[in-house]
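Please look through the structure below before reading on. The text then goes from the sheet to the helices, the core and the rings.

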Amino acid sequence: MQGTARVAAQIRRACTDVGFFYVSNFEHVAPQRDTARLEALARRFFAQGEEQKMRIAMGKSGLHWKGYFPSGNELTSGAPDAKEGIYFGEEYALDSPQVCAKFAMHGPNQWPEPRTEWRDAVMTHMSNMTHLGLKLMSGMAISLDLAPDYFTSKFCQPRPFTPFRIFHYPGSDARQGVGRHTDYGCLTILWTDEVG
C-alpha cells in the first residue's frame, strides 16, 4: 500500500497545483504495440484524400455522432478548429435502451477500411484506456482520502461512457488547432505523438 499512497499523493499534488499529469510505465495496461498499431492506421487514414475520408462522414451517423469530420468543421469557443478527426465510442445494438433513448454516441461506429483491422485496433485501445481510466479514478479517490471505488461506483455503473477520438492537426493554416476549452466528463486521457 506504500507505493499506492505515494502515487496517490503525486496525483493529488498534480491535480491541485498544475491541473494535469503525465502517466508513464503503463505498458502492462496498454501495450505499446496496441497504440502503435492504432497510430499507423490513423496516419494512413488522414493521408488519404478528402473524398475517401468522407465515406465515413459524421453526418451519415445521425444521432450516433460517430465518424469523420474535416478541418474547420468543429468549433471551439465559436471559432473553427484547424483539425480533422474521427469519433468512435462504445457500440450498443440499435434496439438497446441507450440507442432507443436517443443518447448521442451510443449507436454503431463507422469504420474506415480495412474495417476489421480498425475495429479490432479501436476496441482494444478503448478497452485498454478504460482499464487505465478506472485505475486513475481509483488513485484520485485515494488521493482525496476516499474509498478506492468512490468515483467508479458513482460514475461508471453499469459501465462508463467512453467516447474516443483521433485528431489530426494538419498545421497548414493560421486557425487555432483547437481553442481553449474544458472537456466534458470527469476524466480525459490524452495521448500525443512526438510533436507534443
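What follows is a walk through a predicted model.

Begin with the sheet. It is open, has 3 strands in the order S1-S4-S5, and its pairing is antiparallel. Strand S1 (67-69) and strand S5 (164-168) are the edge strands, and each pairs on one side only. From one strand to the next, the twist averages 15°. As background, the strands of a sheet pair through backbone hydrogen bonds, in either a parallel or an antiparallel sense.

Both pairings can be followed residue by residue. S1 and S4 are joined in the antiparallel sense by 3 bridges, and Phe69 has Gly85 in S4 as its bridge partner. On the other side, strand S4 (residues 84-88) and S5 run antiparallel, with 5 bridges between them. Two positions in that second pairing are useful landmarks: Ile86 has Ile166 in S5 as its bridge partner, and Glu84 stands opposite His168 in S5.

Is strand S4 enclosed or open to its surroundings? Since 5 of the 5 residues of S4 are buried, S4 is largely enclosed by the rest of the structure. Its side chains divide between two directions: Glu84, Ile86 and Phe88 point one way, Gly85 and Tyr87 point the other way, and all are buried.

S5 can be set beside this. Arg165 lies in strand S5 and is partly exposed, because its relative accessible area is 28%, between the limits of 20% and 50%. Apart from neighbours within four places in sequence, Arg165 is in contact with Trp65, Ile86, Tyr87 and Tyr184. The C-alpha atoms of Arg165 and Val122 are separated by 9.8 Å, with these positions 43 residues apart along the chain counted as their separation.

Next come the helices that meet the sheet. Helix H2 (residues 32-46) lies across S1, S4 and S5, and runs at about 50° to S5. Helix H5 (residues 115-143) packs on the sheet as well, where it touches S4 and S5. The direction of H5 makes about 115° with that of S5. Ahead of H2 in the chain is a loop from helix H1 (2-17), and Pro31 is found in that loop. Pro31 is buried, with a relative accessible area of 12%. The C-alpha atoms of Pro31 and Ala82 are 30 Å apart, and the two residues are 51 residues apart along the chain.

The sheet and these helices come together in the largest nonpolar core. This core has 16 residues, of which Ile86, Phe88, Trp118, Val122 and Ile166 touch the most other members. H2, S4, H5 and S5 are the elements that give two or more residues to it, and H2 gives the most, with 5 residues. Ile86 shows how many parts of the chain meet here: leaving aside its neighbours within four places in sequence, its contacts include Phe45, Phe46, Ile56, Tyr68, Pro112, Trp118, Phe164 and Ile166. There is also a second, separate core of 6 residues, with Ile11, Met140, Ala141 and Cys156 among them.

Aromatic rings are the last topic. The model has 14 aromatic pairs. One of them joins Phe45 and Phe46, whose rings are edge-to-face, at 5.3 Å centre to centre and with 80° between the planes. Phe45 is buried at a relative accessible area of 4%, and Phe46 counts as buried at 9%. Phe45 also pairs with Trp118: the ring centres are 6.1 Å apart and the planes are at 80°, so this pair is edge-to-face. Because Phe45 lies in helix H2 and Trp118 in helix H5, the pair ties together parts that are 73 residues apart in sequence. Both Phe45 and Trp118 are buried. Ring pairs link these residues into a wider cluster, made up of Phe45, Phe46, Tyr68, Phe88, Trp111, Trp118 and Phe164.

Two lysines are placed over aromatic rings. The charged end of Lys83 sits over the ring of Phe167, 4.8 Å from the ring's centre. Lys154 lies over the face of Tyr150, and the distance to the ring centre is 4.7 Å.

Definitions and conventions: Residues numbered from 1 in each chain as written. Predicted model: local features only at pLDDT ≥ 70, side-chain atom pairs only at ≥ 80, totals over all residues. Heavy atoms only, no water. Pairing = 2+ DSSP bridges. Helix = DSSP H or I, 4+ residues; strand = E, 2+ residues; numbered from the N terminus. Axes fitted to C-alpha atoms, helices over the stretch in contact; angles between N-to-C directions. Contact = heavy atoms within 4.5 Å. Core = buried A, V, L, I, M, F, W, Y, C linked by side-chain atoms within 4.5 Å. Buried < 20%, exposed > 50% of the residue type's maximum accessible area, 1.4 Å probe, protein only. Phe/Tyr/Trp six-rings, centres within 6.5 Å; stacked < 30°, edge-to-face > 60°. Lys NZ or Arg CZ within 6 Å of the ring centre and 35° of its normal.
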